[in-house]
Amino acid sequence: MIKFKVDNLKNMNAALKQFLDFLENRGVLEDDIFDSRLVSCELITNVIRHGNEEAHFEGGVSGDIIKITVKGGETDTVLQTPKLPADIFAESGRGLYIIKSICTGDIKAEGSAVTVKIKIKRTNQPNN
């Protein structure tokens, strides 16, 4: 499991690299790593941009599931979960639309934390 904080969007990619390396070292292939990065970026950006807080990231792999949790700071701020836009070109809610598509709807919001699960399509590890 990997944990870190991001307090600035300029630092997001550097912080995420350790998680992406973690996934690669566990045999997760490029397509699933890409999806994990996209989902992570959307969640982290939402916390920093809309919550005006640092994002607390936690990610891991269990069996054929990548689990990602991102939450705001230790305040009582609750992440707002907007309704999905009716159209992908809508101005708001697009990030959640993308996340929901990748995670096949497996999104859970509790307090200031959002947890998503991404099913690994395949790995380069035997029996997985």
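The expected span of a helix is 1.5 Å times one less than its number of residues. Helices (H or I, at least four residues) and strands (E, at least two) are DSSP runs, numbered from the N terminus. The model is predicted: local features need pLDDT of at least 70, side-chain atom pairs count only at pLDDT 80 or more, and totals for chains, interfaces and linings use all residues. Residues are numbered from 1 along each chain as its sequence is written, and side-chain values use heavy atoms, with hydrogens and water left out.

**Exercise 1. Determine where confidence in the protein chain is lowest and where it is highest.**

Solution. Begin with the chain average: pLDDT (the predictor's confidence in each residue, from 0 to 100) has a mean of 81, and 76% of the residues score at least 70. Then consider the elements: helix α3 (residues 94-102) has the lowest confidence, at a mean of 75, while helix α1 (residues 12-25) has the highest, at 95.

**Exercise 2. Check the span of helix α2 against its 22 residues, and describe its surroundings.**

Solution.
1. Helix α2 covers residues 30-51 and should span 32 Å at 1.5 Å a residue; its end C-alpha atoms are 31 Å apart, so the two values agree.
2. Asn52 follows α2 and has a positive phi, near 55°.
3. Buried residues (under 20% relative accessible area; exposed is over 50%, partly exposed in between, with a 1.4 Å probe and protein chains only) of α2 include Asp32, Val39, Cys41, Ile44 and Ile48.
4. Helix α2 lies across β1, β2, β3 and β5, at about 15° to β3. Such axes are lines fitted to C-alpha atoms, for helices over the stretch in contact, and angles run from 0 to 180 degrees between N-to-C directions.

**Exercise 3. Derive the strand order of the open sheet and identify its edges.**

Solution.
1. Two strands pair if DSSP finds at least two bridges between them. Strands β3 and β5 are antiparallel and share seven bridges; Thr69 is opposite Thr115 in β5, and Lys67 has Lys117 of β5 as its bridge partner.
2. Strand β4 (residues 107-110) is joined to β5 by four bridges, also antiparallel, and Lys108 stands opposite Thr115 in β5. Two residues separate β4 and β5 in a hairpin, where Gly111 in the turn has a positive phi of about 60°.
3. The five strands are therefore ordered β1-β2-β3-β5-β4, with antiparallel pairing.
4. Strands β1 and β4 are at the edges with a single partner strand each, so one side of each has no neighbour in the sheet.
5. On average, neighbouring strands are turned by 15° against each other, direction ignored.
6. Helix α1 packs on the sheet, touching β1, β2 and β3, and its direction makes about 170° with that of β1.

**Exercise 4. Is Lys3 buried or exposed, and which residues does Lys3 contact?**

Solution. Lys3 belongs to strand β1 (residues 2-6). Its relative accessible area is 58%, so Lys3 is exposed. Beyond neighbours within four places in sequence, Lys3 is in contact (heavy atoms within 4.5 Å) with Phe57 and Glu58. Gly59, 56 residues away in sequence, is 6.7 Å from Lys3, C-alpha to C-alpha.

**Exercise 5. Which residues have the most contacts inside the largest nonpolar core?**

Solution. A nonpolar core is a set of buried Ala, Val, Leu, Ile, Met, Phe, Trp, Tyr and Cys residues joined through side-chain atoms within 4.5 Å. The largest has 30 residues, and those with the most contacts inside it are Phe4, Phe19, Val39, Ile44 and Ile68. Elements giving two or more residues to this core include α1, α2, β2 (55-62), β3 (65-71) and β5 (113-119). Leaving out residues up to four places away in sequence, Val39 touches Ile68, Ile99, Ile102, Cys103, Val116 and Ile118. Five of the seven residues of β5 are buried, so β5 is largely enclosed by the rest of the structure.
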